[in-house]
Amino acid sequence: MDFKKITSETTCVTRQKDQFYVGTGNIYETVAIMSKRADQISAEMKDELTKKIEEYTTNSDSLEEVFENKEQIEVAKFYERLPKSTLIAVNEFLNDRIYYRNPNKENEGDF
């Protein structure tokens with residue numbers, strides 16, 4: 001996921017609850033879908049952040065370490081400014097960018 005192209009809000013926004021019934025017809029199912037997506041986004045952010053921070057880690061102490069720490073701080077600040085994973089998941093759900101299916105609903109027509 002390219003986190004530089006995220007257009008989600010960075011703060012909480014009051015929304016109409018009717019928007020969350022559109023895809024599923026059930027608010028609890030919608031919350032479960034967004035929760036699972038937020039977990040995926042959070043794990044992806046964490047993996048990417050740890051990979052970038054590992055690039056700057058060294059085992060030796062030197063004067064360059066001060067400059068490396070500044071670069072680590074810049075990377076950390078970038079990720080701190082990003083919207084939270086839950087806000088990204090809500091934005092993706094409301095813009096129909098999450099694929100989801102309920103196998104229980106698919107099997108109901110088989111009986």
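A: Contact means heavy atoms within 4.5 Å. This is a predicted model, in which local features need pLDDT of at least 70, side-chain atom pairs count only at pLDDT 80 or more, and totals for chains, interfaces and linings use all residues. Residues are numbered from 1 along each chain as its sequence is written, and side-chain values use heavy atoms, with hydrogens and water left out.

Q: Which residues is Glu92 in contact with, leaving aside its neighbours within four places in sequence?

A: They are Met1, Arg37, Ile41, Arg97 and Ile98. The side chains of Glu92 and Arg37 are also joined by a polar contact of 2.6 Å (a pair of N or O atoms within 3.5 Å; within protein, one must be able to donate a hydrogen and the other to accept it, and residues adjacent in sequence count only if both atoms are side-chain atoms).

Q: Is Glu92 buried or exposed?

A: Buried means under 20% relative accessible area, exposed over 50%, and partly exposed in between, with a 1.4 Å probe and protein chains only. Glu92 has a relative accessible area of 7%, so this residue is buried.

Q: How should one read the packing of helix 1 and helix 3?

A: Two packed helices are described by the angle between their axes and the distance between the axes. Here the axes of helix 1 (residues 27-56) and helix 3 come within 8 Å and cross at roughly 125 degrees; helix 1 is therefore oblique to helix 3. Axes are lines fitted to C-alpha atoms, for helices over the stretch in contact, and angles run from 0 to 180 degrees between N-to-C directions. Angles under 35 degrees count as roughly parallel, over 145 as roughly antiparallel, 65 to 115 as roughly perpendicular and the rest as oblique. Helices (H or I, at least four residues) are DSSP runs, numbered from the N terminus. Glu92 lies in helix 3 (residues 85-94).

Technical notes
Helices (H or I, at least four residues) and strands (E, at least two) are DSSP runs, numbered from the N terminus.
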